Amino acid sequence: MGARLVVPYAAVFLAFIIYPFGYALWTASRPSLYADLISDRLYLSTVVNTLLFVGLGVNVKMFLALLLSGFFMRRRWWIRALLAVYILPWALAAAQACVSFHWMLIGEQGLVDGVLSALFGIDGPLWFNDRWLGLGSNIVVYIWKWMPFWTLIFLAARMRIPPNIYDSAEVDGATGSRRFVHVTFPLLANLYLLCTLLSTLWTVGDFTTVYLVSGGGPGGSTQVLATLGFHYAFDAGKPALGVAAVVSAFPVLIPIAIVLMRRLQTSEAQL
C-alpha cells in the first residue's frame with residue numbers, strides 16, 4: 001500500500017522535475033554551444049550584470065533587513081503600525097510591483113520624472129536608455145520587493161534572544177552599537193549566512209524583476225542570465241543556446257548549494 005501511494009508522486013517528480021532537468025543538461029552538453037555563447041556580444045556583459053544584480057541586491061538587502069529588524073523590535077504602537085505598512089511590498093505580487101515601477105520610471109510620462117519636473121523644474125533621466133541606470137533600477141526594485149521578507153526572518157530571530165543576555169551585556173558596558181556588534185550579530189551570524197546563501201540561489205534565477213522593470217534594455221545591456229536564456233530561446237529561436245546560458249550559472253550555484261546543505265547538516269539554523 002505504501003508503494004502504491006508513492007507511485008503518483010514519483011511519477012509527477014519524474015515527469016516534471018527529472019525529465020526536464022535531464023533534457024536541459026543533455027541539450028546543453030555540446031561544447032560548441034558554449035563557444036557560441038561566449039562569442040556572443042551579450043553574454044559577457046550579462047555575466048557582469050548578473051554578478052552585480054546578485055551581489056549588490058542580496059548583500060544590501062540582507063544588511064538593511066538586519067538593521068531594520070532592530071528598529072522594529074522597539075515596543076511602540078506606531079512602529080507596529082509602520083511594520084504592517086512596511087511588509088506590503090512583499091505581500092504584493094511580484095509582477096504587479098515590477099510593472100508599477102516600470103511605469104513610474106518610463107520617462108517623461110513616468111511618476112518620478114513628472115515629480116522632478118513639477119517640484120524642481122528639472123528634466124529627469126531616461127532611466128531605461130542607459131545601462132547603469134536601468135541595472136540600478138532593477139536592483140533597487142528587487143531590494144524594495146524582498147527586503148521585508150528577510151526583515152521578518154531576522155525580527156523573529158531577534159525575538160528569540162533571551163533578554164538576560166542583553167541585561168548582562170549592559171552591565172558589562174555593551175550598549176548601542178557595541179551591543180549589536182558583540183552580542184546580537186554573533187548570535188545571528190549563522191542564520192545570516194544561511195539566509196544569504198539561500199537568497200543568492202533564488203536571486204540568480206530571478207526572471208521577473210529584470211524582465212518587467214527594464215525589459216533587458218537598452219539593446220539587451222541590462223539582461224541577466226535568466227532573461228538572456230529566455231531571449232535566446234524565444235526571441236532568437238535558439239532554445240539550446242538559451243539552456244546553455246542558464247546552465248552556465250551552475251558552476252557558481254552548485255558550490256553555494258553544497259555549502260548551504262553542509263551548514264544545515266552541521267548546525268541548526270536557530271539561536
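**Exercise 1. Surroundings of N49**

Task: In this predicted model, determine which residues N49 is in contact with, leaving aside its neighbours within four places in sequence.

Solution.
- Step 1. With those neighbours left out, the contacts of N49 are R131, L135, S221, T222, Q223 and V224.
- Step 2. N49 itself is found in helix α3, which covers residues 41-71.
- Step 3. The relative accessibility of N49 is 0%. The cut-off for buried is under 20%, so N49 counts as buried.

**Exercise 2. A lysine in the same helix list**

Task: Decide whether K61 is buried or exposed, and list what K61 is in contact with beyond four places in sequence.

Solution.
- Step 1. K61 lies in helix α3.
- Step 2. K61 counts as buried because its relative accessibility is 1%.
- Step 3. Leaving aside neighbours within four places, K61 is in contact with L56, Y142, I143, W146, M147, W150, S199 and T203.
- Step 4. K61 and R158 are 97 residues apart in sequence, and their C-alpha atoms are 17 Å apart in space.

**Exercise 3. A proline in a loop**

Task: Place P125 in the chain and work out its exposure class.

Solution.
- Step 1. P125 sits in the loop between α7 (111-120) and α8 (131-159).
- Step 2. Its relative accessibility is 33%. Partly exposed lies between the 20% and 50% cut-offs, so P125 counts as partly exposed.
- Step 3. Outside its neighbours within four places in sequence, P125 is in contact with D113 and L133.
- Step 4. For a C-alpha distance, take P125 and E108: they are 17 residues apart along the chain and separated by 8.6 Å.

**Exercise 4. The α12 and α13 pair**

Task: Describe how the axes of α12 and α13 cross, and classify the residues of their contact.

Solution.
- Step 1. Two packed helices are described by the angle between their axes and the distance between the axes.
- Step 2. For helix α12 (residues 225-235) and helix α13 (residues 239-247), the axes come within 7 Å and cross at roughly 170 degrees.
- Step 3. Angles over 145 degrees count as roughly antiparallel, so α12 is roughly antiparallel to α13.
- Step 4. On the α12 side the contact involves L225, L228, G229, Y232 and A233, which meet P239, L241, G242, A245 and V246 in α13.
- Step 5. These contact residues divide into eight nonpolar, two polar and no charged.

**Exercise 5. The largest pocket**

Task: Give the volume of the largest pocket and state which element gives the most to its lining.

Solution.
- Step 1. The volume of the largest pocket is about 690 Å³.
- Step 2. Its lining has 22 residues, and those nearest the centre are G70, M73, R74, R158 and R179.
- Step 3. Two or more lining residues come from each of α3, α4 (77-86), α8, α9 (163-171) and α10 (177-204).
- Step 4. The most comes from α3, with four residues.
- Step 5. By class, the lining has 13 nonpolar, three polar and six charged residues.

**Exercise 6. The second largest pocket**

Task: Repeat the analysis for the second largest pocket: what is its volume, and how do its lining residues divide by class?

Solution.
- Step 1. The second largest pocket has a volume of about 210 Å³.
- Step 2. It is lined by 14 residues, with T50, L51, L225, A249 and V252 closest to its centre.
- Step 3. The elements giving two or more residues to this lining are α3, α10 and α14 (250-266).
- Step 4. The largest share, six residues, is from α3.
- Step 5. The lining divides into 10 nonpolar, four polar and no charged residues.

**Exercise 7. A peptide bond**

Task: State what kind of peptide bond joins G217 and P218, and where P218 lies.

Solution.
- Step 1. As background, most peptide bonds are trans.
- Step 2. The bond between G217 and P218 is cis, with omega about 0 degrees.
- Step 3. P218 lies in the loop between α11 (208-213) and α12.

**Exercise 8. The whole chain**

Task: Summarise the secondary structure of the chain, its extent and its share of buried residues.

Solution.
- Step 1. The chain has 14 helices and zero strands.
- Step 2. The C-alpha trace spans about 70 × 65 × 35 Å along its principal axes.
- Step 3. Of the 271 residues in the chain, 37% are buried.
- Step 4. Among contacts between residues at least 6 apart in sequence, 73% join residues at least 24 apart.

Note on methods:
Residues numbered from 1 in each chain as written. Predicted model: local features only at pLDDT ≥ 70, side-chain atom pairs only at ≥ 80, totals over all residues. Heavy atoms only, no water. Buried < 20%, exposed > 50% of the residue type's maximum accessible area, 1.4 Å probe, protein only. Contact = heavy atoms within 4.5 Å. Axes fitted to C-alpha atoms, helices over the stretch in contact; angles between N-to-C directions. Parallel < 35°, antiparallel > 145°, perpendicular 65-115°, else oblique. Nonpolar A, V, L, I, M, F, W, Y, C, P; charged D, E, K, R; others polar. 1 Å grid on protein atoms, 1.4 Å probe; cavity = no way out; pocket = protein on both sides within 12 Å on 5 of 7 lines; lining within 4 Å. Points joined across faces, edges and corners; volume = space filled by probe spheres on them.
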